[in-house]
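Good morning, colleagues. May I ask you to turn to the screen while the sequence and the structure are brought up.

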There are 2 protein chains.
Amino acid sequence: MKNKFVEPDYLVDLVQALNRLPGIGLKSARRMVYHLLQYDIEGLEILSKALINANKNLIRCIKCNSFSCQQICQICSNPDRDNTILCIVETPSDMNVLESSKIFNGLYYVLMGKLSPLDGIGPKELNFEHLIERANTDKNILEVIIATNFTAEGETTAHYLSDILSINKNIQISRLSRGIPSGSEIEYIDSNSLAWAFIERKKTKISK
Amino acid sequence: MKNKFVEPDYLVDLVQALNRLPGIGLKSARRMVYHLLQYDIEGLEILSKALINANKNLIRCIKCNSFSCQQICQICSNPDRDNTILCIVETPSDMNVLESSKIFNGLYYVLMGKLSPLDGIGPKELNFEHLIERANTDKNILEVIIATNFTAEGETTAHYLSDILSINKNIQISRLSRGIPSGSEIEYIDSNSLAWAFIERKKTKISK
Ligand SMILES: [Zn+2]
Ligand SMILES: [Zn+2]
């Protein structure tokens, strides 16, 4: 960053550090720094401590691979969850969305990414071994639902996982269905989603 | 914050700390936290260190009251600046804007706020004594330009400062002019600015 202002180095360093966060431009970063220094030194100290604590204490749950303060996270150690179904998601945020929807009460596995050969992210980088071991050694698991995104990379990841996990004949592998979002009007659906809704159409009975 | 997700405490604490920054909603804060934890632990450490350093090392310049790493900041200690003119601004951001415009080469005094009786911010809270002492003891100063904002509170502050500083007859007090922004079309100017442009109109000669 070329600093066009005459500002103290430590202030500029903090602006740059905040500017590194996703979605924070230089202007917002500078506004935040002045806000903290002028009006919220307590907030600055809270943020500083929160960063140190998160860095020091957050580990990966050995079962689901998501962030946790314990070796086994709250979801994985909850006896009320259905331990016969394992849902594979790309990120903790995806898990959060499913959790808040309350439609799923099984267990998760968080990939922490997706296959992306162009970025050099393959099965090794995502530590698929860990997931495969989990699926094959946990005798409770009867079904694995692959809930990666319906993007090119998410689909590639889903195909790959489906192939390697289906070697284990004791587990049913499934994938979330594609189609028209609930509450949508056909008129406004993109043609790609519409095509998939036709291809993956379900047989149904119209009651008379 | 009610946490609708099952997330580790240290992660939630960090989300909340970022959420406290101006302009950062809960959703953006959470996105930042996952970004840092998943892809940019180095960025997390840099931010954490930058916060600690800023908190520990940034002090107020004893001359201009702005943030500085030294007792006297770079601008105040620069011998090339015109030390006969002192420009009073509300915030370091205002100073930055003037600096980057390069129209002013004098010295500054940063109020770090504005008079705001409703919020309990009076001359004492803004430490006007320090400014008055500065203006009266620095024999180089010939003119003080009041560049507080043209808002109700900025105007109140300007009037108050003008009154107390003009007791010193050796100093010329001035205020930035109000009017129509350069490059603007009359059609689109708010009526308030237009009214001021009439009231503060300047005599001029039209060359034939
Ligand atoms: Zn877990
Ligand atoms: Zn200074």
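Is C76(A) buried or exposed? The model before us is predicted, and in it C76(A) has a relative accessible area of 11%. Buried means under 20%, so C76(A) is buried.

I turn now to the metal site to which this residue belongs. The zinc ion (ligand 1) has four protein donors, namely the SG atoms of C61(A), C64(A), C73(A) and C76(A), at 2.2 to 2.3 Å from the ion. Among these four donor atoms the angles are 106 to 119 degrees, and the site is tetrahedral. Along the sequence, the donor residues follow the spacing C-x2-C-x8-C-x2-C. Within this set, C64(A) and C76(A) form a pair that links distant parts of the chain, twelve residues apart. C64(A) sits in the loop between β1 (59–60) and β2 (67–68) of chain A, whereas C76(A) sits in the loop between β2 and β3 (85–89). C64(A) is buried as well, with a relative accessible area of 1%.

The annotation deserves a word here. An unreviewed UniProt entry places the feature "zinc finger region: C4-type" at residues 61–76 of chain A. In the model, the C-alpha atoms at the two ends of that span are 8 Å apart. The span is 12% strand and 0% helix.

Let me pass to chain B. There the zinc ion (ligand 2) takes its protein donors from the SG atoms of C61(B), C64(B), C73(B) and C76(B), which lie 2.2 to 2.4 Å away. Why is this arrangement called tetrahedral? The four donor atoms subtend angles of 105 to 117 degrees around the ion, and tetrahedral requires that all angles lie between 85 and 135 degrees. The donor spacing in sequence is C-x2-C-x8-C-x2-C. Two of these cysteines can be described further: C61(B) counts as buried at 1% relative accessibility, and C64(B) is buried with a relative accessible area of 1%.

Finally, I return to chain A and its wider architecture. Chain A is divided into domain 1, residues 9–57, and domain 2, residues 81–203. The C-alpha centres of these two domains are 36 Å apart.

How do strands β5 and β6 of chain A pair, in the parallel or the antiparallel sense? Strand β5 (residues 143–146) and strand β6 (residues 172–175) pair in the parallel sense, over four bridges. One of the residues involved is V144(A), whose bridge partner in β6(A) is I173(A). Together with helix α6 (residues 152–165), β5(A) and β6(A) make a right-handed β-α-β unit.

Definitions and conventions. Residues numbered from 1 in each chain as written. Chains lettered and ligands numbered in written order. Predicted model: local features only at pLDDT ≥ 70, side-chain atom pairs only at ≥ 80, totals over all residues. Heavy atoms only, no water. Donors = N, O, S within 2.8 Å, 3.2 Å for Na, K, Ca; no water. Tetrahedral: all angles 85-135°; square planar, octahedral: opposite > 155°, others 65-115°. Buried < 20%, exposed > 50% of the residue type's maximum accessible area, 1.4 Å probe, protein only. UniProt positions renumbered as here; feature names shortened; annotations may be inferred. Domains from an automatic or database assignment. Pairing = 2+ DSSP bridges. Right-handed = clockwise from strand over helix to strand, strands pointing away.
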